Amino acid sequence: MDVAGKVVVVTGGGGGIGAGIAEAFAEAGAMVAITDINGDWAQAEAARIGRGTIAFPHDVTSPESWAQVKSGVEAVCGPVDVLCNNAGISLPFKPMEDITLDQFDRVMAINVRGVFLGCHLFMGEMKARGSGHIVNTSSVNGQLPHGTFACYSASKFAVAALSESIRQELAPFGVGVSILYPGLTRSRMSEGQMDDLPDEIKAAIAGKMMEPVWLGRAVVRAVQENQLHIITHPDHLDALKARVDALYAAFGEPAQPDFAGGRIGEG
């Protein structure tokens, strides 16, 4: 897809990765709408980016808020060609037994329900037009879970699975789906997780953060080329290989003797 002149919606665009995605699409000539739970942040990023970028306040957990954003964008720009479901939150690093149910529910509501609502709202129209693209932001932790980050990791695995599933559903209709797996990137979320760390450790971590616009440019390329996976931080490859190797090693004889098996739909 040539993104020049296309209408792009980016959720969670009031800073960090979302703002980087919005900036990159604007660089490429798209008409960009930024949404964020904090409308002031969204407006500030729209003003910084320029190029006709517009902004809306948006609660991604609310179907009514999604409907308002859709109608607002369409009134100014026309039908949405590219949807980037980027809004998300994390939790402090702590054992899962210390996470409250309210915290878990909030992470799932924003990180998973929000992605579902966005896809659900726009995918039908994209199918009918025979064009469009959806980009869902997962995380390195959507490939590599780790202790003290269980709930966030679970939400990002859900995003990845949902995205691969709907890519299969939408491909016959000319609609693409991509998954962004960010690593450490400069954002309020990443920097906020360092509040309790010593200054020297904060400085060391900050020095390893990627600038958001580079992730955004990778997203633009993926949409242009209809790539499924967007890997921006390849330094995690060895850890991913080790995880996959352990999974492969678990495949052996079926639990039931003489079980024929086979995936549904296969000969």
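1. L83 and its surroundings. In this predicted model, L83 touches residues from several parts of the sequence. Leaving aside neighbours within four places in sequence, its contacts are V9, W66, G118, C119, F122, M126, H133, I134 and V135.

2. The core around L83. L83 belongs to the largest nonpolar core, which has 31 residues. Along with V73 and I134, L83 ranks among those with the most contacts inside this core. Two or more residues each come from β1 (7-10), β3 (54-57), α3 (63-76), α4 (101-129) and α5 (150-170). Helix α4 gives the largest share, eight residues.

3. A second core. Separate from the first is another core, of 27 residues. Among its members are V3, A24, A222 and I230.

4. Helices α1 and α8. How do the axes of these two helices lie to each other? Helix α1 spans residues 16-27 and helix α8 spans residues 212-225. Their axes come within 7 Å and cross at roughly 55°. An angle from 35 to 65 degrees falls outside the parallel and perpendicular ranges, so α1 is oblique to α8. The crossing is right-handed.

5. Who meets whom. On the α1 side, the contact is made by G16, I17, G20, I21, E23, A24, F25 and E27. On the α8 side, it is made by P212, V213, L215, G216, R217, V219, V220 and V223. What classes of residue make up this contact? There are 10 nonpolar, three polar and three charged residues. A24, listed here in α1, is also one of the residues of the second core.

Conventions:
Residues numbered from 1 in each chain as written. Predicted model: local features only at pLDDT ≥ 70, side-chain atom pairs only at ≥ 80, totals over all residues. Heavy atoms only, no water. Core = buried A, V, L, I, M, F, W, Y, C linked by side-chain atoms within 4.5 Å. Buried < 20%, exposed > 50% of the residue type's maximum accessible area, 1.4 Å probe, protein only. Helix = DSSP H or I, 4+ residues; strand = E, 2+ residues; numbered from the N terminus. Contact = heavy atoms within 4.5 Å. Axes fitted to C-alpha atoms, helices over the stretch in contact; angles between N-to-C directions. Parallel < 35°, antiparallel > 145°, perpendicular 65-115°, else oblique. Left-handed = near helix turned anticlockwise from the far one by under 90°. Nonpolar A, V, L, I, M, F, W, Y, C, P; charged D, E, K, R; others polar.
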